[in-house]
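User: I'd like to go through this model with you and ask what lies behind each label. Could you set the values against the cut-offs as we go?

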Amino acid sequence: MTLSSLPAPAAPTVSPWTLSAFWFGTAFHWLLLLIILIPANVVGFVGEANKGTYLGALTAIGAIMALVLPPLVGAHSDRTGKRLPYIRLGLAVNLAGLGVMALAASLMTGTNGFFVYVLGYLLVQFGNNYATAPYSALIPQLVPPALRGRYSGAMGMLQAVGQLLGAVVAFAAGTLNLPVFVSFAVIAVVLLVPALITMRGVPETTVPSAQAVAVSGPTLSLKQLFAYQPFLWVFITRVLFALGQYSVQPFLQYYSVDVLNQKDGVTASSLLAACIIVASILSAFLGGRISDRVGRKPVIYVAGTTMAVAAILLLIAPGFGTALALAVVFGLGFGAFTSVDWALGSDAMPSAKSYARDMGIWHVAFVGPQFIGAPQGALLDWGNRQGDNLGYTLVFGIAAAFFMLGVLLVRNVPDTAHVKAARA
């Protein structure tokens, strides 16, 4: 298969901070939802005995939307040559979904309340994924390969800062015992304002331009796309890292109570998340810049190994203090990974004619593995019924295995010609 070089611009037309603002709000949105609010709300609806099963089912249902929507919306965005209208519409649906979830959590109980809550969550997933595919195309479209590590690092850093703010808000909400609708309102505001910054700062151009059409190469079929080795291996390794993340992330609050014996799971999981995020801010800032010099894969090797070791050691943490220290270690690895994640994905795009579609498919590798929440949740409940918190041993051990497999396979990702030229 022969592909022409990508028509990357000589210089970016938008600052990394403006481009990454949308991702800041999205990171805040998902941390507060997935780690704090949804686990607590699910217990309120269905009780302790089945919390893992229902939470896993909820995340798996949402993952269906994340699997199907981004490639379809991305392909349509490529055909129309627009990005921002899709982001606007997706944002509006996302905000409506948050409103439905807040209504169910504030005013309803039992399984009826849970089903309304699921409806709101589906709207959130639809809107967020509808916006993400066109947004994901902006880095490869606007940023030259030599600067993608720096831009990806800025995106990883703002993602970490957004998550840190989410953990702080969760801690404050738990401490002040604020009504649940207040937390949902804060999520809506912090999602909306940064999105407006990105939409105002990013130029709405026709994609592809006449110049891009001449040099961007063909639009590949799905079979051809996955036959393109850089994309194939980036997709596979991204799936593995996401499987590791989603094997643990939804159950962090339950782990704080059941294993670390913390009375307030919301506060404890907020502190754990804060330690992960503060450490990830430092490594995200450095990792992207380093990857522009030494390549993406060495950073991934170190990051994935660090996350795997920390996940295993969390199982034998003698107390909450040790768990917090291990959360810092995990955060250093996670931040380094996120700092090169977008750059690695952007480098693997074979054709500028289909940036949004192909980045939408790449995005599936990140969100599709949310399906792991359903079997992992059921495994958690089954293992814990056997005693000695066996469920957590199984879930955390599987997460570590996914991280290490990702580290081993990322070496198969070949450098594309434009990346080699950028580092030359």
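User: What makes up the exposed area of the protein chain, and how much is there?

Analyst: Happy to start there. This is a predicted model, and its protein chain exposes about 15,700 Å². Carbon and sulfur atoms supply 69% of that area.

User: How do you know whether the 424 residues form a compact globule or not?

Analyst: We set the radius of gyration against a rule for chain length. With 424 residues, a compact globule would have a value near 22 Å, and the protein chain has 21 Å, so the two agree. The C-alpha atoms fill a box of roughly 60 × 40 × 35 Å along the principal axes. Of the contacts with a separation of 6 or more, 87% join residues 24 or more positions apart.

User: Which secondary structure elements does the protein chain have?

Analyst: There are 18 helices and 0 strands.

User: Why is glutamine 125 called buried?

Analyst: The cut-off for buried is under 20% relative accessible area. Glutamine 125 has 1%, so it counts as buried. This residue lies in helix H4 (residues 110-136). Leaving aside neighbours within four places in sequence, glutamine 125 is in contact with Trp30, Gly62, Met65, Ala66 and Gln370. Across the protein chain, buried residues make up 58% of the 424.

User: And why is valine 168 called partly exposed?

Analyst: Partly exposed covers the range between the buried limit of 20% and the exposed limit of 50%. Valine 168 has 46% relative accessibility, so the label partly exposed applies. Valine 168 belongs to helix H6 (residues 148-176). Its C-alpha atom is 37 Å from that of alanine 75, and the two residues are 93 apart along the chain.

User: What makes a set of residues a nonpolar core, and how many residues has the largest one here?

Analyst: The members must be buried residues of the nonpolar kinds, joined through side-chain atoms within 4.5 Å. The largest such core has 125 residues. Leu19, Leu33, Ile38, Tyr255 and Leu272 have the most contacts inside it. Helix H1 (residues 16-46) gives the largest share of this core, 16 residues.

User: Which residues does leucine 272 touch?

Analyst: Not counting residues up to four places away in sequence, leucine 272 touches Leu252, Tyr255, Ser256, Leu260, Phe320, Ala323, Leu324 and Ala327. Tyr255, one of these partners, is also among the core residues with the most contacts.

User: How far apart are the mean positions of the positive and negative charges?

Analyst: For the 21 positive and 12 negative charges of the protein chain, the mean positions are 11 Å apart.

Terms used: Residues numbered from 1 in each chain as written. Predicted model: local features only at pLDDT ≥ 70, side-chain atom pairs only at ≥ 80, totals over all residues. Heavy atoms only, no water. Helix = DSSP H or I, 4+ residues; strand = E, 2+ residues; numbered from the N terminus. Rg over C-alpha atoms; globule rule 2.2 N^0.38 Å. Buried < 20%, exposed > 50% of the residue type's maximum accessible area, 1.4 Å probe, protein only. Contact = heavy atoms within 4.5 Å. Areas by Shrake-Rupley, 256 points an atom, 1.4 Å probe, with all protein chains shown as cover. Lys, Arg positive; Asp, Glu negative; His and termini not counted. Charge placed at Lys NZ, Arg CZ, Asp CG, Glu CD.
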